[in-house]
Amino acid sequence: MITPYGRRPRRLTPQRIGLYAFLLITAAFFLTPLYVMVVTSLKTMPEIRAGNLLGLPASLNFEAWGNARSRACTGLSCNGIQLGFWNSVRILIPSLVVSIGVGAVTGYTLSFWRPRGGTLLFGLLIAIAFVPYQVFIYPLVRIYSQVGLNNSLAGIVLVHTMFGLPTMTLLFRNHFAALPIELSKAARVDGAGFWRSFGEIMLPMAVPIIVVAMILQVTGIWNDFILGLVFAGRENLPMTVQLNNIVNTTTGERTYDVDMAATLLTALVPLAVYFISGRWFVRGIAAGAVKG
Amino acid sequence: MSNVSLRDVEIRYGASQVLDRLDLDIGAGEFFVLLGPSGCGKSTLLNAIAGLTEVASGTISIGGRNVTWEEPKDRGIAMVFQSYALYPTMSVRGNMSFGLRVAGMAKAEIAARVEKAAGLLRMTELLDRKPSQLSGGQRQRVAIGRALVRDAGVFLFDEPLSSLDAQLRAELRVEIKHLHHRLGATMIYVTHDQIEALTLADRIAVMRDRKIQQLGTPQDVYQRPANRFVATFVGSPAMSFVKGRIGEDGSFVAGDIRVDLSAYAFATRPVPGQPVELGIRPEHVARAETGLAGVIEMVEPMGADLLAWTRLAEAPVSIRLAAETRIAVGDRVRIELPGRHLSLFDLASGARL
């Protein structure tokens with residue numbers, strides 16, 4: 001029998017305390033703006049004018065939320081932000097499906113079929129990801145107007161697909177590259193061609209990565225402002241653009257409660273995605289080891 | 001069952017040559033083993049037969065049909081991989097039937113074939129499990145089952161037992177041998193394990209540096225290795241070697257020892273004075289009253305038998321003895337090297353004499 005000697009290691013060391021203090025401060029730093037927005041949206045205008053930014057509202061007043069949804073004015077029309085919501089959904093869904101689909105096929109091709117010049121192409125794609133958006137906007141507008149894609153849903157979906165391609169390809173290529181090459185050999189011996197082996201073997205193995213890709217793309221596309229403003233056209237302006245219009249349209253008094261409520265409504269989708277899928281996100285990132 | 005023949009096959013990766021003008025004929029129903037250390041080109045050769053690696057020139061025929069440019073699925077082959085390469089999202093049944101589903105076979109026929117293969121491998125109760133719920137040995141059994149359902153003329157095995165532990169390896173080895181007897185199919189088997197090669201093969205091709213060093217039956221390869229590399233690579237415990245030369249009377253001379261070679265079957269006659277190396281397997285070293293003198297330096301009990309180490313002309317030589325032999329370090333022994341069991345190699349080229 002061996003008896004332990006020496007002092008038992010302490011659970012709570014100064015390092016621990018420092019670490020927790022840092023974490024708490026960081027959390028407070030990021031949560032404070034959210035808190036201010038929520039309480040402000042629930043206050044009445046006289047309360048807001050009183051100026052106590054961090055104070056709780058006297059009573060729960062959801063009127064601003066209703067106004068933000070369906071009565072706030074952007075320019076001449078006063079239909080609230082709801083139209084923007086549906087516009088954003090109409091941009092998001094096809095952009096999401098197309099960009100992830102194209103990224104998955106590209107990543108699969110690069111890692112399992114090794115086309116001639118594939119590595120170079122992939123390098124270029126990654127390099128392009130570091131070029132700022134703004135550089136592309138003017139040339140793209142010119143090209144779009146030549147081919148008649150300006151101010152259309154198809155146009156904005158194509159833009160999101162193009163700008164999403166580097167990240168999506170990287171994500172899927174790395175995932176597939178970690179799988180044993182023998183898997184694709186086995187599929188070939190079994191007679192599965194390019195699409196069959198993609199659809200029945202590789203794609204089902206990529207579910208965790210698809211979730212990660214969805215989170216990245218939903219957040220990115222939903223939060224986009226400039227691309228939507230430039231390419232979507234007046235009929236399809238996304239929610240972010242409409243939010244900006246609401247906040248900047250003032251007739252008389254600035255309605256902070258409505259602005260806050262509209263902002264929260266806009267942020268709802270990415271917030272929900274993180275809350276629902278945070279666990280999946282971590283799992284997907286960590287799911288490098290898919291062993292047979 | 002089909003025969004396989006390769007003519008002038010050449011394989012390149014970019015600028016480097018992997019296989020150079022290789023000819024090989026494998027008979028129908030034969031169990032053929034490609035044996036060699038890693039990087040010797042044996043897996044590349046197997047992949048070329050499967051159609052997974054392109055050949056730069058030459059022809060590959062399976063069952064008398066030239067398949068050099070055909071897709072793997074059209075070659076009448078089935079393959080088992082070292083890493084199992086099971087489809088992780090499909091059940092065992094799904095894994096086994098995938099190839100047949102791709103080929104568009106009728107459902108009833110698929111079910112019958114899967115049942116038959118599963119029965120043959122005694123894994124019917126595993127059919128609805130996912131690969132992740134199986135042990136290593138079971139996974140490799142599924143991989144073999146996936147090959148079986150294809151009803152192929154040639155089965156290709158790429159180091160199928162290398163990632164299993166020793167006991168399972170021995171177990172599955174026997175099972176593969178049984179399978180070969182029952183199916184009578186042609187099997188080409190790649191391994192770096194000489195025991196697997198010796199136990200399974202009808203014929204072995206020992207490869208090194210992208211070339212076949214020796215092609216022959218296991219007995220041939222074991223008893224008459226074509227060169228020093230084959231002699232060291234095959235056999236465990238390994239062959240012992242003593243450096244020396246050919247004496248004036250045609251016997252082997254090293255220092256003060258002399259070994260009579262009158263019973264040795266020479267492939268090529270050596271000239272007196274030629275530097276040579278003499279190889280002898282531990283089980284062929286005999287104790288004899290009139291033999292060469294040595295001192296025991298180490299004793300390795302191995303369960304079934306016992307390995308004793310001595311020294312002849314500075315070179316360590318091992319002797320295989322019965323397990324119950326009473327022998328200890330420091331004992332003096334007299335041993336004999338029987339001429340008909342020796343292997344003699346040219347010192348410079350390593351080729352058998």
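In this predicted model, A:Leu83, A:Gly84, A:Phe85, A:Asn87 and A:Ser88 of α4(A) meet A:Met239, A:Gln242 and A:Leu243 of α12(A). Helix α4(A) covers residues 82-113 and α12(A) covers residues 239-248, and their axes come within 7 Å, crossing at roughly 160°. Because the angle is over 145°, α4(A) counts as roughly antiparallel to α12(A). The residues of this contact divide into 4 nonpolar and 4 polar, with no charged residue.

These two helices belong to a chain built from 13 helices and 0 strands. Read along the sequence, the pattern of chain A is accordingly a run of α elements. For a compact globule of 292 residues, a radius of gyration near 19 Å would be expected, whereas chain A has 25 Å. Along the principal axes, the C-alpha atoms of chain A fill a box of roughly 80 × 75 × 30 Å. Of the 292 residues of chain A, 33% count as buried. As for sequence separation, consider the contacts in chain A between residues at least 6 apart: 76% of them join residues at least 24 apart.

Helix α8(A), residues 181-189, is mostly covered, with 7 of its 9 residues buried. The buried residues are A:Glu182, A:Leu183, A:Ser184, A:Lys185, A:Ala186, A:Ala187 and A:Val189. Both chains take part in covering them: the cover includes α4 and α9 (194-205) of chain A, together with α1 (42-50) and β6 of chain B. After α8(A) comes A:Gly191, whose phi is positive, near 90°.

Turning to the interface between the chains, 20 residues of chain B are in contact with 16 residues of chain A. On the chain B side, the elements that give two or more residues are β6 (77-80) and α2 (92-102). Helix α2(B) gives the most, with 3 residues. By residue class, the chain B side divides into 15 nonpolar, 3 polar and 2 charged residues.

Helix α2(B) also packs within its own chain. Its axis and that of α3(B), residues 107-120, come within 10 Å and cross at roughly 135°. The two helices are therefore oblique to each other, and their crossing is right-handed. From α2(B), the contact is made by B:Arg93, B:Met96, B:Ser97, B:Leu100 and B:Arg101, while α3(B) supplies B:Ile110, B:Arg113, B:Val114 and B:Ala117. These residues divide into 5 nonpolar, 1 polar and 3 charged.

Several of the same names return around B:Gly145, a residue of helix α4(B), which spans residues 136-148. B:Gly145 counts as buried because 25 C-beta neighbours lie inside 10 Å, where 20 or more are required. Leaving aside residues up to four places away in sequence, B:Gly145 touches B:Met96, B:Ala117, B:Ala118, B:Leu121 and B:Met123. Among these, B:Met96 and B:Ala117 also take part in the contact of α2(B) with α3(B). B:Arg113, which likewise belongs to that contact, is 32 residues from B:Gly145 along the chain, and the C-alpha atoms of the two are separated by 9.9 Å.

Notes: Residues numbered from 1 in each chain as written. Chains lettered and ligands numbered in written order. Predicted model: local features only at pLDDT ≥ 70, side-chain atom pairs only at ≥ 80, totals over all residues. Helix = DSSP H or I, 4+ residues; strand = E, 2+ residues; numbered from the N terminus. Rg over C-alpha atoms; globule rule 2.2 N^0.38 Å. Buried ≥ 20, exposed ≤ 12 C-beta atoms within 10 Å, placed from the backbone. Contact = placed C-beta atoms within 7 Å. Nonpolar A, V, L, I, M, F, W, Y, C, P; charged D, E, K, R; others polar. Axes fitted to C-alpha atoms, helices over the stretch in contact; angles between N-to-C directions. Parallel < 35°, antiparallel > 145°, perpendicular 65-115°, else oblique. Left-handed = near helix turned anticlockwise from the far one by under 90°.
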